[in-house]
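Take a moment to turn the model around before you read on. We'll go from the whole chain down to a few single residues.

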Amino acid sequence: MRWFGSWTRRLLLGLVLLLAVVVALIVAASIKGRSGSTQGTENMNGPGSFVGSASNAVMFVQWTRAGETVTGSLREAITKSLAGSGITATDYPFTGVIHGDGITLNLTGAESTTYVGEVKGEGFNLTLPGKGGSLITIEFVAGEVSSYNEATRQLLLSEYATPCDLYVVGHEVDVNFTGEKAPEWCASIVAKQPSVEWTTEPQENTVGQPVVCELVNHANEQVRITDEGGQYYGGLACKQLSGEGWG
């Protein structure tokens with residue numbers, strides 16, 4: 001009888017241990033199933049920053065997360081409607097909720113806007129209104145201010161070709177850059193003369209105008225600026241470039 005009682009106790013102990021292992025495996029599988037695509041973002045309380053890009057815009061999200069709640073700001077750099085006239089940047093504060101895989105951001109500003117999306121890995125996506133009433137989805141990945149600045153720079157340069165021609169809306173001026181960095185020089189002219197309505201769209205009567213200046217820089221890049229009789233806008237461009245080492 002003593003042998004039987006000892007064997008029974010060993011059997012019961014083995015069954016208890018087996019049951020504990022099964023329960024542990026079920027709990028682990030349940031946790032994994034709940035985490036799913038949110039792995040990497042769930043329980044990440046504190047500050048975070050993300051960069052998203054579209055064909056005509058770059059967005060930068062900075063937030064502070066506490067559980068399912070986020071508060072922060074979204075900066076949107078978007079190309080202006082007139083080709084080659086630069087970009088404009090606007091900041092929108094927001095509050096939001098992250099619940100499971102879902103994310104909702106409520107932006108405030110001139111008009112209140114709600115963006116919804118989905119958490120994916122260490123980032124997320126948002127569905128936004130596009131051109132002509134369409135909807136677009138923008139993917140956001142973890143990124144710092146430097147990532148946003150570089151993406152904005154690339155967006156700006158994408159507005160210009162090589163060689164690059166700049167015109168002033170309604171005037172007979174043509175600023176023509178040739179060389180490897182022609183797009184950067186066009187972008188510089190537009191950025192440093194924000195009061196002038198520059199564009200890459202050719203204007204009427206810009207061909208055959210008098211030459212205001214022809215300059216070369218240290219990298220042997222060239223610019224030729226022509227303008228009509230008053231030569232006001234052409235003169236502004238020549239003066240700016242001369243001050244930057246062109247001669």
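## A walk through the fold

Among the contacts in this chain with a separation of 6 or more, 49% link residues 24 or more positions apart. Keep in mind that what you're looking at is a predicted model. The chain has 247 residues, and 34% of them are buried. Its secondary structure comes to 4 helices and 13 strands.

How confident is the predictor? The average pLDDT of the chain is 86, and 81% of the residues score at least 70. Residues 26-42 are another story: pLDDT stays under 50 there, and the model has 19 contacts beyond four places in sequence for this stretch. Where pLDDT is low, the predicted coordinates shouldn't be read in detail.

Now for the helices. Helix α2 covers residues 145-157 and helix α3 covers residues 182-192; their axes come within 9 Å and cross at roughly 95 degrees. An angle from 65 to 115 degrees counts as roughly perpendicular, so that is how α2 and α3 sit relative to each other. On the α2 side the contact is made by Arg153, Leu156 and Leu157, and on the α3 side by Pro183, Glu184 and Ala187. Sorted by class, that contact has 4 nonpolar, no polar and 2 charged residues.

Stay with α3 for a bit: is it mostly covered or mostly open? It is mostly covered, with 8 of its 11 residues buried. Among the buried ones are Trp185, Cys186, Ile189 and Val190. The buried residues of α3 pack against α2, β9, β10, β11 (198-199) and α4.

That leads us to the largest nonpolar core, which has 26 residues; Val175, Phe177, Trp198 and Leu241 touch the most other members. Several elements supply at least two residues each, including α2, β9 (164-168), β10 (174-178) and α4 (232-243). The most comes from α3, which gives 6 residues. Apart from this core lies another one, of 18 residues, with Phe50, Ile103, Leu105 and Leu107 among them. Back in the largest core, try clicking on tryptophan 198: not counting residues up to four places away in sequence, its contacts include Leu82, Leu166, Val175, Ile189, Tyr233 and Ala237.

Next, look at valine 211, which is found in strand β12. Which residue sits 15 places from valine 211 in sequence but 4.2 Å away in space, C-alpha to C-alpha? That's threonine 226. Leaving aside neighbours within four places in sequence, valine 211 is in contact with Arg224, Ile225, Thr226 and Gln231. Its relative accessibility is 36%, so valine 211 counts as partly exposed.

Finally, a few backbone oddities. Most residues other than glycine have a negative phi, and most peptide bonds are trans. Threonine 162 and proline 163, though, are joined by a cis peptide bond, with omega about -5 degrees. Proline 163 lies in the loop between α2 and β9. Two residues other than glycine with a positive phi are set out below.

| Residue | Phi | Loop | Relative accessibility |
|---|---|---|---|
| Asparagine 220 | near 65 degrees | between β12 and β13 | 55%, exposed |
| Glutamine 231 | near 55 degrees | between β13 and α4 | 26%, partly exposed |

You've met glutamine 231 before: it is one of the residues in contact with valine 211.

Note on methods:
Residues numbered from 1 in each chain as written. Predicted model: local features only at pLDDT ≥ 70, side-chain atom pairs only at ≥ 80, totals over all residues. Heavy atoms only, no water. pLDDT = per-residue confidence, 0-100. Contact = heavy atoms within 4.5 Å. Axes fitted to C-alpha atoms, helices over the stretch in contact; angles between N-to-C directions. Parallel < 35°, antiparallel > 145°, perpendicular 65-115°, else oblique. Nonpolar A, V, L, I, M, F, W, Y, C, P; charged D, E, K, R; others polar. Core = buried A, V, L, I, M, F, W, Y, C linked by side-chain atoms within 4.5 Å. Buried < 20%, exposed > 50% of the residue type's maximum accessible area, 1.4 Å probe, protein only.
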